[in-house]
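Visitor: I am new to this structure and would like a close look at a single part of it. Could you take the sheet and walk me through how its strands are arranged?

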Amino acid sequence: MVLAELDVIRPLLVCPRCRAGLEADPAGTGTGAGAGAGAGAGALRCSAPDCAYHASPAFPDVAGAPVLVDFEHSVVCREAVAALASPAHVHRGADALPTPLRRIAKPPNQVAAVNIDLLLRALPGPAPTLLVVGGATVGNGVEAVYRDTRVRVIGFDIVTSPATQFVADAHRIPLRTSSVDAVLVQAVLEHVLDPAQVVAEIHRVLRDDGLVYAETPFLQQVHAGAHDFTRFTASGHRYLFRRFEELAAGPVAGPGTQMLWSVDHLVRGLTRSALAGRATRAALFWLRGLDHLVPPDFAQDDASAVYFLGRRRDREMTEEEIIAYYRGAQGSS
Ligand SMILES: [Zn+2]
């Protein structure tokens, strides 16, 4: 995995409250669990004297990762930062299965792989910077991002991980305006309270003509308990990224995959057992193959998830344009 060193990206980091630069906190060694451990950059504070995060304790660190969160405006609590290092927070169930079962439960995401290839080819320069929002777990089909030695990868999440350099809340990304060339946000926007604000932050941190790749569920059951809030149709997802030019968009997976989710959760409800649900899903894995028989316009109306690959623009899509955008199988009458 090619992940930029924290020291290398440190000049890009800003205060999540006021966006002033960061500086070493002369009074602190971090206040979280594991403070001072690992390869952390030491305790950080906001460099603006009138900011609340200038006074100590400013930003704690956990297992060597700075926690750059505006705690008064986040689901992340200062009092609970010690728990951010707990692997219990990573809850993508299929990852715990043996490899053959994992490939059945969670087959490679070929749509993501194709789109990530498009994104990487379009990235300019010898050392483009790519930000992974919600990157604690390497996403399905996006592994090429971490293998491309040309790309400087920056990752953050609300928990620590070997795939991230710092902890942050996507509603207030602690990076300078126009500081990254691309953003990857896969299966994340359903887990934030205000997706429009998060996309506005993605737009802010991207350079002019910067690229974004997003995958977001449409018809999926709740899958992260208290941290699951929103779903998007293809049109809703397009409008969420209304200040971006579309390069590609469509369903990640269609009604067969959607039915697998539904059967899994029906069985869970009948048996009160998540294991029974997952076992049923594994036994009916072939339903996913039916996606290939459904044309894109029908799949769009019944997608398990949708994707959007776009280029940053300042102009917004109009109301007329989003109505004309619809590509599903249903007529206007
Ligand atoms: Zn500040």
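Guide: Two strands are said to pair if DSSP finds at least two bridges between them. The model we are looking at is a predicted one, and in it an open sheet of seven strands, with mixed pairing, follows the order 7-6-5-8-9-11-10. Strand 7 (166-167) and strand 10 stand at the edges, and each has a single partner strand, so one side of each is left without a neighbour in the sheet.

Let us begin towards the strand 7 edge, with strand 6, which covers residues 152-157. Strand 5 (residues 129-133) runs parallel to strand 6 and is joined to it by five bridges, and within this pairing Leu131 stands opposite Ile154 of strand 6. On its other side, strand 6 pairs with strand 7, again in the parallel sense, over two bridges, where Asp157 has Val167 of strand 7 as its bridge partner. Six of the six residues of strand 6 are buried, so the strand is largely enclosed by the rest of the structure. In a regular strand the side chains alternate between the two faces of the sheet. Here Arg152, Ile154 and Phe156 point one way from strand 6, while Val153, Gly155 and Asp157 point the other way, and all are buried.

Now turn to the strand 10 end of the order, where strand 11 (residues 305-312) has seven of its eight residues buried, so that strand too is largely enclosed by the rest of the structure. Strand 9 (residues 206-217) pairs with strand 11 in the antiparallel sense over seven bridges, whereas strand 10 (residues 244-253), also antiparallel to strand 11, is joined to it by eight bridges. Gly310 of strand 11 takes part in both pairings, for it is the bridge partner of Val212 and also of Glu246. A further bridge in strand 11 links Ala305 with Ala253.

A helix also belongs in this picture: helix 3 (residues 110-122) packs on the sheet and touches strand 8 (180-186), strand 9, strand 10 and strand 11, and its direction makes about 175° with that of strand 9. To gather the view together, strand 6 is joined in the parallel sense to strand 5 and to strand 7, while strand 11 is paired in the antiparallel sense with strand 9 and with strand 10, and the sheet that holds these strands is an open one with mixed pairing.

Note on methods: Residues numbered from 1 in each chain as written. Predicted model: local features only at pLDDT ≥ 70, side-chain atom pairs only at ≥ 80, totals over all residues. Buried ≥ 20, exposed ≤ 12 C-beta atoms within 10 Å, placed from the backbone. Helix = DSSP H or I, 4+ residues; strand = E, 2+ residues; numbered from the N terminus. Contact = placed C-beta atoms within 7 Å. Axes fitted to C-alpha atoms, helices over the stretch in contact; angles between N-to-C directions.
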